[in-house]
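Q: Could you walk me through how to read a few features of this model?
A: Sure, let's take a look.

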Amino acid sequence: MRRPLVLLLCTLLAAGCTASAGRRAVEAGVPQPAGAAQATDPTAAQKMVEDAKARAVAIPAQVDALVALAFPSTPSDPAVREAARNELVVFGEHAITPLAAAVPRVTPENRVHVVKTMMAAFRRLSYGLPPDYLPGIEAGIWFGDHATRELAIPELARFRQRGATLTLVDAATEDPSLAGLAVRAMGEIGDPRARFWLETQLRGGDPALRADAAVALSRIGGPALVSLKDAMKSEDRALRETACRALLPVAGLDDITALHEYAAAFPEDDPALVEAVRTAAAMLEEALAARQENDSASPPTPQ
C-alpha cells in the first residue's frame, strides 16, 4: 500500500509542476500544446498581453512579442490570441512591417488572421502607405489559403497594384474558384499585361465570367480592346454580343471600323445592341469629321 501512495503523491506533485510551468509559459508568451490549460477569461487574456508588453518595453520588441502571442506555431489559448491581435491593431504603422514579414513564416491556418490584422492596423492610419503593406498583402496571396486570398485580392485591386498581375494569374490558375475575383481585380488594376489571361477567360473560361472578363478588358483599354474587337467577329453569338456590349461605352475613333463591321456582319443579333452600335458609329463618324475639319482649318505649325 505504501508504494502506490508514494506514486500517487509523485504524480500529483508532477502535475502541479507541469501546470505551474504551463502558466509561466503562457505568461511569457510561449504557445502551449494541445490539451494545455487555457485561460479563456478575456480579462486574464488581456493581462497576459499587457504583461508581455511590459517585459518587452520598447515598441519593436512589444510588437514582436504580440506577434508571437497572436500567431503561435502550436495550439494556444484563443482568448490570448484574440487579445494580442486586437493589441497589434492599435500599434498601427509600427505593426505593418512585422506582420508582413510574418505572413510566410506562420502556420497556414494563421495567415488569414495575419492579413486581417495587418489590414485592420492599416485602416487606423490617417495618411500614408507603409512600404511593406502591399508586399505583405501580396505575400498573403502567394502563401495563403483560399480564405487568405479572398481577403487579399480585393485589397491589391483597391490600390491598383500593377505589379501583382502575375501573382493574381498564378493564384487563379492554382485555385479556379478565385478566377472571378481575379478577373474583377484586374479590371480595377488596369495592367495591360493582364489582357492575355483575360482573353482566355473571355473565350474559353467559365461562361459565367465572360461578361466580367469583357468589362475588365474594356477598363484596361488600349491594346486590350483588340481582344474585344476580335471577339466581336466570333461565330459564337453570346461571345460577340458580350464583347460588343463591353466595347460600346469606351469606343473611340479607332473603333469605328470594328463597329461598322459588326453591324454589317451580324444584323440578326440583339436588335437593341445592333441599333446602339450603329448609333455609336454614326456619332463617332461625326466627331471624326469635325476633328478633320478643325485640323484643316488650323494654320500650319511653323517649322
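Q: How much surface does the protein expose, and what share do carbon and sulfur atoms supply?
A: Accessible areas come from the Shrake-Rupley method with a 1.4 Å probe, and for residues only the protein chains shown count as cover. Here about 16200 Å² is exposed, and carbon and sulfur atoms supply 58% of it. Bear in mind that this is a predicted model, where local features need pLDDT of at least 70, side-chain atom pairs count only at pLDDT 80 or more, and totals for chains, interfaces and linings use all residues. Residues are numbered from 1 along each chain as its sequence is written, and side-chain values use heavy atoms, with hydrogens and water left out.

Q: At what angle do H5 and H6 pack?
A: Axes are lines fitted to C-alpha atoms, for helices over the stretch in contact, and angles run from 0 to 180 degrees between N-to-C directions. Helices are DSSP runs (H or I, at least four residues), numbered from the N terminus. H5 (residues 93–102) and H6 (residues 108–123) pack at about 160 degrees, axes 10 Å apart. H5 and H6 are therefore roughly antiparallel (over 145 degrees).

Q: Which residues of H5 and H6 meet?
A: Contact means heavy atoms within 4.5 Å. On the H5 side you'll find Ile96, Leu99, Ala100 and Ala102, and they meet Val114, Thr117, Met118, Ala121 and Phe122 in H6.

Q: Is Gly136 buried or exposed?
A: Buried means under 20% relative accessible area, exposed over 50%, partly exposed in between (1.4 Å probe, protein chains only). Gly136, in helix H7 (residues 133–143), is buried at 1%. Leaving aside neighbours within four places in sequence, Gly136 is in contact with Ala100, Val103 and Met118.

Note on methods: Helices (H or I, at least four residues) and strands (E, at least two) are DSSP runs, numbered from the N terminus. Angles under 35 degrees count as roughly parallel, over 145 as roughly antiparallel, 65 to 115 as roughly perpendicular and the rest as oblique.
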